[in-house]
Every structure is written in structure tokens, then in C-alpha cells.
Amino acid sequence: MNQTWWKEAVIYQIYPRSFMDSNGDGIGDIKGITSRLDYLKYLGVDVIWLSPIYKSPNDDNGYDISDYQAIMDEFGTMEDFDEMLSQAHKRGLRIIMDLVVNHTSDEHKWFMESRKSKDNEYRDYYIWRDGKDAETPPNNWGSCFGGSAWQYDETTGMYYLHLFSKKQPDLNWDNPNVRKDVFDMMTWWCDKGIDGFRMDVISMISKTKEMPDGPAADFYGDYSPYCVHGPNIHKYLREMNEKVLSKYDIMTVGETSGVTTELAKQYAGENAGELNMVFQFEHVDLDGGKYGKWTDRRVNLREFKQVMTSWQTGLEGKAWNSLFLGNHDQPRSVSRFGNDAPEYREICAKMLATCLHMLKGTPYVYQGEELGMKNCPFSGIEDYRDIESINAFRTLTGEGKIAPEDMLRYLALRSRDNARTPMQWDDSVNAGFSSGTPWIMVNPDYTEINAARELADPDSVFHYYRQLIALRKQEKIIVHGVYELLEPDSESLYVYTRTLGEEKLLVICNFTAGEEEYRIPREFVSGSVLTGNYGRTTVEET
Ligand code: TEU
Ligand code: CA
């Protein structure tokens, strides 16, 4: 058994802008995080993943970095960071950083140089092409945040590539100087003592040299055949591993949208010499429609089980899964996969937590998920802050594809801002997040759903998470047991087993609001109950 700390760990994701504001400017910050480390320690998590805290003009809330070795003004100073890291380490908590190196901000020094002239020493740090003609970009690719993936730049009369917003120009990883500068920067953070990296859209860093039109999805073309899992991706990751990652006791997780189990084994195979694990997105793509995520479709449980099972069995013994239902790009898990009506929210959040944490892999808890926080009742478009949501509303309603009232309904269900409302600490003003005006609205349910209240209630979602996390430390089977799906055809139950040597663990999850009958396999009848969201303590034969 290949035992490593990141397999046994539970990871907690912090979206710093929305976690805790220490100075009343309405924006979460590093001192705020430091002030809440004891809460995380008490919850029992081992590792904190920080969404970006680097200097940024915040076109995409920090995923557009203008200086990788400085802290965003609103979040504090490098001294604040060092203090947070040392306070975390003092408590046995590790911190991993978001590494956003597919693109920089257009305000990064490299890009400001690059756009100056065709022979600037930084020109080739980015991807520049001539247009097809004076008015037409080099190809038909659309960007993730709407519009063309190319932006015309007057100074040199050429276009630059941006797979995200036009303020996020893509770096040219084929340039060895780019790789050297990125690896040096990573080394600098590792030498500071950080414990790893979550790598933003790392599957997109290598592009083909030729950039033809992509298959037309609507009227923009799809860049993915040329930009996702591109020709040199594994070469560059192995180089990164050799020059940086292998020299430190750190963990790495790659965000690899479009990844399959076969590709995951290349990115994160036990001996692949690239990353420790990847995030796959198949289970969060199940409720997509014609316009991507902008739909009210719900996830079908059988499909969900199929996807999870293919990852559990596909990577068994070969690579390690990362397990998540929510993050800063996804709606709240209890609203999306479960039932957030008042009578079901808590029992359902506990069920989803059980279902996820008992699978094989490293579980990720997204801030507030441990409280059963749910989607926010946004009403008008002016309630939203997220560039993806605002652009999608403008584009899809402007082109007459989706009626505004439908789009508002889809946004309320699926916008990334659902995950970005302030953390709900207590029932005081602004949920205890800030004494000022928060940068985004607070979910009005905070008087009911908040950490203070849940800490005081032994039956709360919080205490259930705490117990699940503690169980993982006690029972090796939860970390290492082999997974098997039972009842694949059930439309209401997700049942699976884990097996380690002589030991077996049975997990039964009811995804419906009703009662379901299930006959427990005989071999489990004499067994003991580890945990459950109904507080049951015995197994009886029926
Ligand atoms: O997300 C990558 C990504 O694929 C997203 O565009 C995702 O498809 C979308 O958010 C789902 O609605 C990463 C970060 O997690 C995201 O926050 C950033 O906006 C993006 O990269 C650009 O850095
Ligand atoms: Ca602040």
C-alpha cells in the first residue's frame, strides 16, 4: 500500500474574498482566515486550499494575476501571509495554493511588455496571431466567458489568445523562458514552506502550433481539440515535476476539465511523475444542456452513479481520485444534488456528505458546505458579481437565445456566485462575515444557517462532517478499501461497498425525499453501524 499524507487527508477550500473580513471593507482577507484557523482545526480538516490571493485587478476574482509574488491589496500583505502560514503549521494544518499559470492578467508585467512591440523580449510569452483579415480574428474559437477567444491589440495590429476573459491572456508554454519563470516562481513559494498546489485549468497549457477553426458550437467554434490535453502537456508537467514538485513534500491536484479516466492515469498515475491527483468534471457536467450549464435540468441518479463508479473502478490501484460536489465554480451541493427545502436540507446535506466521504479518494469540503449552506435567492442581474454569469446573461439574452426571465432562473440555480456569498459565521449583521458592506449579498438564510448555531447543536450538519472526518482517521477501510457498486439500476438509492482484507463497509444513500425499502445483504446484518444521518445505531434483519 502506497501511503501518503494526501491520501489520508481531507481538504477544505477557502474562497478568501468570501470567508472572513477582518477590517470592515466588505472583502474577506488573510487576517480573517488566520482568525478562523481554530474553527478549521476543530472541524478536523488537514489541508486548506486557498483560491488565489495574489495581486490582481480582479476581473475574475483573482484568477487574473498581475504579480505571482505579491498579495492582492484587499487581502493584506506578505507579512499577513507568512503569519497565516505559520499559524496554520502550528496547528498541524497545511496550506496549498492555487496556481494559475495558463494565463496571467493583462496587467502582468510580462503582458504589458509583450504587447509593446513585435520584438519585445516578452512578445513570445503570449500567443499572438494575425487576423484572417482586418476585421476577422485568426479563427472562430469562442472564449469560456463569451465572445471570441481573440482580442485585437492596436499597438502591433495583431490578436492575442484568451480562452477566458480578454483580461486573461494565455501564456505560451512552448517558450522555455515562460516555463523557467513559472518554475522559479513555484520554487519561491515552495521555499516559503507552502504545502502544495491546486493547478488551475492545467490541462489547457499546451496548445497546437496550428490553430484552425474549431467545430462550430453555435456560432463560435470549440477550441478544445487544439487546447485541451494538448501535444506537450505531459512533457511540461514532467518537467515541472522534475524541476520543482519532486524536490518538496507537497501535494498537487490538477484542474483538468475534459479529463477521462484514461487521461487521468497519465496525469496522476502512481508512477507517472506528474501530479498526485486531478479534478474530473463528468459528474458536474451531467445536468448541462444546449447552452452548457444554463438550464434547469437536474442530475439523474443512475447517471451520477455510473460516472462515480467509472472513476472509482477506473483508477483503482493506478491513480487516486479527488472527491468533490462543490467548489467556487459550482452551485451549492445540497441545492443541486439534493433537496434544500427546510424539512430536508440537514438530513440531505448529511446524506451527500456520507456518499462522498465514503468513496475512495481525497474528499474536498468547500467553505460553508459543512454547514449545509444552500444557493442564494438572487433576484435581478444586478445581484451578480461573477464575470461568467454577467457575460452569459448579456450574450444569451442579447442574442435572443434564452428569455431574460428564464436566464435569471438558470442563474439562480447555476451561477458560480451561489458559492461565493459570504461564509455564515453567526446570526449577527452580515452573518458575522464583515462589519462593512459585503462585496456580494449575504444569503438571507444566515439567521437560520450559521456556524455558531451549528457548533452549539450536536446534531448539526457541522458535527456530522466533523464525525465523518474523524472516522476517516480511525478506519483504514475508508481510505484504502476497494469500491463496488450495488443496485446499479435503482433510481433512488446509491448503495456501494468498500472492502479491505476481511473487512467490509456498506454505504446506503437515499437520494429521494420519500422512504425507500432496502434489504441489507446478509453478510452485513451482524455488523456495527459506523455512522448515519438518521442516528440509527443497530442493523436489524427484516
Ligand atoms: O475554471 C476553469 C473552468 O473550466 C471554468 O471556466 C469552469 O468551466 C466554469 O467556471 C464553470 O462554470 C478555473 C477556475 O476554477 C475559475 O474560477 C476561473 O474562472 C477559470 O479557471 C479561469 O482562471
Ligand atoms: Ca477586508
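Two strands count as paired when DSSP finds at least two bridges between them. Keep that in mind for the views below, which come from a predicted model.

**View 1. Strands β2 and β5 sit side by side in the barrel.** Here we look at β2 (residues 47-50) and β5 (residues 94-99), two strands that run parallel and are joined by four bridges. To find one of these links, start at L50: its bridge partner in β5 is M97. In general, strands of a sheet pair through backbone hydrogen bonds, and they can do so either parallel or antiparallel.

**View 2. Eight strands close up into a barrel.** Step back from that pair, and β2 and β5 turn out to be part of a closed barrel that runs β1-β2-β5-β9-β12-β13-β14-β15. The pairing in this barrel is parallel. On average, neighbouring strands of the sheet are turned by 25 degrees against each other, ignoring direction.

**View 3. Helix α6 lies across two barrel strands.** The helix in this view, α6, covers residues 176-192. What does α6 lie across? The answer is β5 and β9, and β9 takes in residues 196-199. Compare directions and you'll find α6 running at about 135 degrees to β9.

**View 4. A three-stranded open sheet has antiparallel pairing.** Read across, this sheet goes β6-β8-β7. Its edges are β6 (128-129) and β7 (150-153); each has a single partner strand, so one side of each is left without a neighbour in the sheet. Zoom in on β7 and β8 (residues 158-161), and you'll see two strands that run antiparallel and are joined by four bridges. For a landmark, try D153, which stands opposite M158 in β8.

**View 5. Sixteen residues surround ligand 1.** Of the 16 residues around ligand 1, the ones that come nearest are D60, D200, K293, D329 and E388. What kinds of residue make up this shell? By class, there are nine charged residues, four nonpolar ones and three polar ones.

**View 6. Side chains reach oxygen atoms of ligand 1.** The D329 side chain has an N or O atom 2.5 Å from an oxygen atom of ligand 1. For H103, a side-chain N or O atom is 2.9 Å from a ligand oxygen. The side chain of R416 likewise places an N or O atom 2.9 Å from an oxygen of ligand 1. How much of ligand 1 does the protein bury? Taken alone the ligand exposes 480 Å², and the protein buries 88% of that.

How values were computed:
Residues numbered from 1 in each chain as written. Chains lettered and ligands numbered in written order. Predicted model: local features only at pLDDT ≥ 70, side-chain atom pairs only at ≥ 80, totals over all residues. Heavy atoms only, no water. Near = heavy atom within 4 Å. Polar contact = N/O pair within 3.5 Å; in protein donor to acceptor, adjacent residues only side chain to side chain. Areas by Shrake-Rupley, 256 points an atom, 1.4 Å probe, with all protein chains shown as cover. Nonpolar A, V, L, I, M, F, W, Y, C, P; charged D, E, K, R; others polar. Axes fitted to C-alpha atoms, helices over the stretch in contact; angles between N-to-C directions. Contact = heavy atoms within 4.5 Å.
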